[in-house]
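Biologist: Could you take a close look at one part of this model and explain, step by step, how it sits among its surroundings? I would like a connected account that a first-year student can follow.

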Amino acid sequence: LLVGAAVWTARPDVADSLAARGRATLHALERPLPELLAGRGMGAGTNAEGQRRWLPGGKGGEAPGAEAAGDSAVVSILSQTGIAGLALAAAALARAWKERGEVRPFLGIAALSGLTFGVLEAFPVGLLIGLALAGAAARG
């Protein structure tokens, strides 16, 4: 499968990319139990947090316990809201999938893309995901 992926994507380093994402996910799971369950707070590990550290008055350097949340939406949600938030995000996505047939192609692409990059930080993708989920909630 990895050999095929390297050919299909024209990227001989695809195995390294998958391994790096796996390491980022494992790193996000190596947290104290309360942090693992509830996360480190909204914005933790995002580009905005990293940039804020370098503004005047910022602490500089990498945030304590930071991981590459940009590696995937899964790691980003897990870092910010913990397992509880990740479960709620999955439930919201499943509900939108069930109730909004017209947006299933978009939700499928966003979910698959979320495994490889932080789709929630990519404007306007994050906004569109929010609108799709809100539409499903409004119908219920």
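Modeller: Ala-87 lies in helix α5, and since this is a predicted model, what follows describes computed positions. At 48% relative accessibility, Ala-87 counts as partly exposed, because that class covers the values between the 20% limit for buried and the 50% limit for exposed. The C-alpha atom of Ala-87 is separated by 9.6 Å from that of Ile-77, a residue ten places away along the chain.

Helix α5 also holds Ser-79, and here the surroundings are of another kind. With a relative accessible area of 6%, Ser-79 is buried, so it falls under the 20% limit that defines this class. The side chain of Ser-79 has a polar atom that lies 2.8 Å from the backbone oxygen of Val-75.

From here we can turn to what α5, which spans residues 73-99, helps to cover: together with α7 (125-139), it is among the elements over the buried residues of α6. Those buried residues of helix α6, itself running from 104 to 113, are Leu-107, Gly-108 and Ala-110. They lie on the same side of α6, because the arc they cover around the axis is only 165°. The other side of α6 carries Pro-105, Ile-109 and Leu-112, which are exposed.

One of these buried residues, Leu-107, deserves a slower look. Leaving aside its neighbours within four places in sequence, Leu-107 is in contact with Leu-93, Ala-96, Trp-97 and Ala-132. Two of those partners return in the largest nonpolar core, whose five residues are Ala-96, Val-103, Leu-107, Ala-132 and Ala-136. In soluble globular proteins, nonpolar side chains tend to be buried together.

If we follow the chain onward from α6, we come to Thr-116, which has its place in the loop between α6 and α7. Thr-116 counts as partly exposed, with a relative accessibility of 37%. Not counting residues up to four places away in sequence, Thr-116 touches Arg-21, Asp-71 and Ser-72. For Asp-71, the separation in sequence is 45 residues, whereas the C-alpha atoms of Asp-71 and Thr-116 are 6.1 Å apart in space.

Another loop, the one between α2 (14-29) and α3, contains Arg-31. Although it lies in a loop, Arg-31 is buried, with a relative accessible area of 16%. The side chain of Arg-31 is joined to that of Glu-35 by a polar contact of 3.3 Å.

It helps to place these details within the whole chain, which has seven helices and zero strands. Of its 140 residues, 30% count as buried, and the accessible surface comes to about 8600 Å², with 69% of it belonging to carbon and sulfur atoms. Among the contacts between residues at least 6 apart in sequence, 63% join residues at least 24 apart, and the touch between Thr-116 and Asp-71, 45 residues apart, gives an example of such a pair.

Finally, the confidence of the prediction should be kept in mind while reading all of this. The mean pLDDT of the chain is 80, with 79% of the residues reaching 70 or more. Among the elements, helix α3 (residues 33-38) has the highest mean pLDDT, 93, and helix α1 (residues 2-9) the lowest, 62.

Note on methods:
Residues are numbered from 1 along each chain as its sequence is written. Side-chain values use heavy atoms; hydrogens and water are left out. pLDDT is the predictor's confidence in each residue, from 0 to 100. Helices (H or I, at least four residues) and strands (E, at least two) are DSSP runs, numbered from the N terminus. Buried means under 20% relative accessible area, exposed over 50%, partly exposed in between (1.4 Å probe, protein chains only). The arc is that of the directions from the helix axis to the C-beta atoms. Contact means heavy atoms within 4.5 Å. A polar contact is a pair of N or O atoms within 3.5 Å; within protein, one must be able to donate a hydrogen and the other to accept it, and residues adjacent in sequence count only if both atoms are side-chain atoms. Accessible areas come from the Shrake-Rupley method with a 1.4 Å probe; for residues, only the protein chains shown count as cover. A nonpolar core is a set of buried Ala, Val, Leu, Ile, Met, Phe, Trp, Tyr and Cys residues joined through side-chain atoms within 4.5 Å.
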